[in-house]
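The exercises below ask you to work through one protein chain step by step, and each task is followed by a solution. Keep the structure in view as you read.

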Amino acid sequence: RQRHLTIPCEMCIRDSARSMREGRRLKSNGLRPGFPDLIAIQRGRVAFMEVKAATGRLSPAQSEMHEELERQGVAVGVVRSQDDAVLFLRSQGFGV
């Protein structure tokens with residue numbers, strides 16, 4: 001049975017299983033390669049999360065995007081489970 005995570009914040013989820021056509025459309029509208037999968041916003045805090053499987057690695061574009069976001073003072077992390085997401089958000093001051 002799958003657990004569902006309820007987080008009292010706004011979350012934007014990008015569908016990582018999109019078609020090549022959808023990928024081209026998003027890029028033409030300004031979405032840069034490597035942009036994280038999830039965005040959480042709560043009471044003025046913003047955090048980005050990249051969702052990866054247990055052995056998944058960041059692509060070069062994702063690593064560059066993470067570095068750029070961190071340079072700008074934005075929280076960004078890699079999560080591999082719902083528990084990881086909760087721990088990451090709590091570490092960033094989110095009330096989860």
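**Exercise 1. Examine the salt bridge between glutamate 68 and arginine 32, and state which parts of the chain it ties together.**

Solution. Begin with the distance: in this predicted model, the side chains of glutamate 68 and arginine 32 meet in a salt bridge, with 2.9 Å from N to O. The cut-off for such a pair is 4 Å between a side-chain nitrogen of Lys or Arg and a carboxyl oxygen of Asp or Glu, so the pair qualifies. By this rule the count comes to one salt bridge. Next, place the two partners: glutamate 68 belongs to helix α2 (residues 60-71), whereas arginine 32 sits in the loop between α1 (20-28) and β2 (38-42), so the salt bridge ties together parts that are 36 residues apart in sequence. Finally, look at how open the partners are: glutamate 68 is partly exposed, with a relative accessible area of 22%, and arginine 32 is also partly exposed, with a value of 43%. As general background, side chains of opposite charge can pair when their charged atoms come close.

**Exercise 2. Give the order of the helices and strands along the protein chain, and then describe how β2 and β3 are joined.**

Solution. The protein chain has three helices and four strands, and from the N terminus on these elements run β-α-β-β-α-β-α. Turning to the strands named in the task, five bridges join β2 to strand β3 (residues 45-51), and the two run antiparallel. One place to see this pairing is leucine 38, which stands opposite methionine 49 in β3. β2 and β3 form a hairpin with two residues between them, and arginine 43 in the turn has a positive phi of about 45°. As for its surroundings, β2 is mostly covered, since four of its five residues are buried.

**Exercise 3. Find the residues of the largest nonpolar core, and decide which element gives the most to this core.**

Solution. The largest nonpolar core has 10 residues, namely Leu38, Ala40, Ala47, Met49, Ala75, Val79, Ala85, Phe88, Leu89 and Phe94. Sorting them by element, we find that β2, β3, β4 (75-79) and α3 (82-91) each give two or more residues to this core. The element that gives the most is α3, with three residues. Valine 79, a member of this core, touches Met49, Glu50, Val51, Lys52, Asp84, Ala85 and Phe88, when residues up to four places away in sequence are not counted. There is also a second, separate core of six residues, which includes Ile39, Met65, Leu69 and Val76. In soluble globular proteins, nonpolar side chains tend to be buried together.

**Exercise 4. Work out why the buried residues of α3 can be said to line one face of the helix.**

Solution. First list the buried residues in α3: they are Ala85, Val86, Phe88 and Leu89. Seen down the axis of α3, these buried residues fall within an arc of 165°, and therefore they line one face of the helix. A general rule helps here: an α-helix has 3.6 residues a turn, so residues three or four places apart point the same way. The face of α3 turned away from the buried side carries the exposed residues Leu87 and Ser91. What covers the buried residues of α3 includes β2, β3 and β4.

**Exercise 5. Classify the aromatic pair of phenylalanine 35 and phenylalanine 48, and then see how valine 74 lies relative to phenylalanine 48.**

Solution. The two quantities to read off are the distance of the centres and the angle of the planes. For phenylalanine 35 and phenylalanine 48 these are 5.5 Å centre to centre and 90° between the planes, and the pair is edge-to-face. Phenylalanine 35 lies in the loop between α1 and β2 and phenylalanine 48 in strand β3, 13 residues apart, and in this way the pair links distant parts of the chain. Both phenylalanine 35 and phenylalanine 48 are buried. Now turn to valine 74, which is found in the loop between α2 and β4 and is partly exposed, with a relative accessible area of 22%. Valine 74 and phenylalanine 48 are 26 residues apart in sequence and 7.8 Å apart in space, C-alpha to C-alpha. Leaving out residues up to four places away in sequence, valine 74 touches Val46, Phe48 and Leu69.

Note on methods:
Residues numbered from 1 in each chain as written. Predicted model: local features only at pLDDT ≥ 70, side-chain atom pairs only at ≥ 80, totals over all residues. Heavy atoms only, no water. Buried < 20%, exposed > 50% of the residue type's maximum accessible area, 1.4 Å probe, protein only. Pairing = 2+ DSSP bridges. Core = buried A, V, L, I, M, F, W, Y, C linked by side-chain atoms within 4.5 Å. Contact = heavy atoms within 4.5 Å. Phe/Tyr/Trp six-rings, centres within 6.5 Å; stacked < 30°, edge-to-face > 60°. Arc of directions from axis to C-beta.
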